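Please look at the sequence and the model below. The explanation that follows moves from the whole chain to its parts, and then to one helix.

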Amino acid sequence: MALSKQDFELFRAYVNKLSGLVINEDKQYLIESRLAPIMREIKAHGYQDFYQKIQADKTLTLQNRVVDAITTHETLWFRDGGPWRVFEEVILPNFAEQMRKGHNQRFKVWSAASSTGQEAYSLAMLIDNNICQGKLPGLRPEHFEILGTDISSGAIETAIAGRYNQLEMNRGLALEYKTKYFSQVGNICEIEEKMRRRVKFRTLNLQDDFLSLGRMDVILCRNVLIYFSEEFKNQLMRRFAMLMNPGSYFLLGSTESGLGHSHTFDMREHKSSIYYQLKKI
Ligand SMILES: C[S@@+](CC[C@H](N)C(=O)[O-])C[C@H]1O[C@@H](n2cnc3c(N)ncnc32)[C@H](O)[C@@H]1O
């Protein structure tokens, strides 16, 4: 179905209002290719008719389907390597130290924009594996709360199910982890129930208020800020900081930078990987 300039502007603005995502002028094909299957299915007569049908749907089913379709859920296990080294070699030993000194008994880790769950489950597996190997004296899995959130209800459903096909399993997951934490039924691998219960998932739009999530010791907001406007990105960084204690950790995607926030976060480096800590005043 042909997308006129006017239709493109309508949907571009609508998607931005729904999610904060910025669709550039040259990305018409994105609207066309991702919305076409839904439009065909509901027999929409063009984009204006589709838009009206979305507005008329008080169940928000169509709106949620647009969000699911337009968001990019590309993700993998232990994505980029570096941040996971930081988590294992800097953050977890620091938590063990805090525990030993009696400064903190519970550590909250938030995968904001968790997509289909690989990032949050990678955290759970890494923590469990380190504890099993006796590397974190005093720490037990129940000392951690791991939360994964995403705007896409479809992605969150997959994350909660913890079931992945072979293609998804082959993206970054070491055989050791696959064997230890998954069972295979046919072509599908399912994360162990014990691990599934260690991670909570829920839908959350980062545009909405999230202060009620409470204090976080680590926030991962990776590979999503690149899709937002500078203004929204800056506002989000300020709101993330409000959930953190001085010294709490913040991890971005490998192509993202928190450089503009040096008044709030200290930028640090560990084995060539960048991470951030909320400034101590
Ligand atoms: C490319 S994935 C990144 C997943 C994971 N963090 C990683 O780095 O592998 C980006 C995710 O951000 C989510 N997203 C986009 N806009 C969002 C918003 N306003 N609030 C919450 N999540 C959003 C998308 O649904 C998508 O699952």
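Of the 281 residues in this protein, 33% are buried. The model is a predicted one. Its secondary structure consists of eleven helices and ten strands. Measuring along the principal axes, the C-alpha trace spans about 65 × 50 × 35 Å. The radius of gyration is 20 Å, which agrees with the value near 19 Å for a compact globule of 281 residues. Of the contacts between residues at least 6 apart in sequence, 75% join residues at least 24 apart.

The chain is divided into two parts: domain 1 covers residues 5-70, and domain 2 covers residues 82-278. Their C-alpha centres are 30 Å apart. Where the domains touch, seven residues of domain 1 are in contact with eleven residues of domain 2. On the side of domain 1, helix H4 supplies the largest share of this touching surface, with three residues.

The interior may be considered next. In soluble globular proteins, nonpolar side chains tend to be buried together. The largest nonpolar core here has 48 residues, and Ala124, Ile146, Ile219 and Cys221 touch the most other members. Helix H6, which runs through residues 118-132, gives the most to this core, namely six residues. Once neighbours within four places in sequence are set aside, Ala124 is in contact with Ile146, Met195, Arg198 and Val199. Apart from this core lies another, of 13 residues, including Val15, Leu35, Ala44 and Tyr47.

Helix H1 shows how a single element can have two sides. This helix comprises 15 residues, from 5 to 19, and reaches 21 Å from its first C-alpha to its last, close to the 21 Å expected at 1.5 Å a residue. Which residues of H1 are buried? They are Asp7, Phe11, Val15 and Ser19. These four lie on the same side of H1, because they cover an arc of only 65 degrees around the axis. An α-helix has 3.6 residues a turn, so residues three or four places apart point the same way. The cover over the buried residues of H1 includes helix H2 (28-41), helix H3 (46-56) and helix H4 (61-70). On the face turned away from the buried side, the exposed residues are Lys5, Gln6, Glu9, Ala13 and Lys17. Just after H1, Gly20 adopts a positive phi of about 85 degrees.

Technical notes
Residues numbered from 1 in each chain as written. Predicted model: local features only at pLDDT ≥ 70, side-chain atom pairs only at ≥ 80, totals over all residues. Helix = DSSP H or I, 4+ residues; strand = E, 2+ residues; numbered from the N terminus. Expected span 1.5 Å × (residues − 1). Buried ≥ 20, exposed ≤ 12 C-beta atoms within 10 Å, placed from the backbone. Arc of directions from axis to C-beta. Contact = placed C-beta atoms within 7 Å. Core = buried A, V, L, I, M, F, W, Y, C linked by C-beta atoms within 7 Å. Rg over C-alpha atoms; globule rule 2.2 N^0.38 Å. Domains from an automatic or database assignment.
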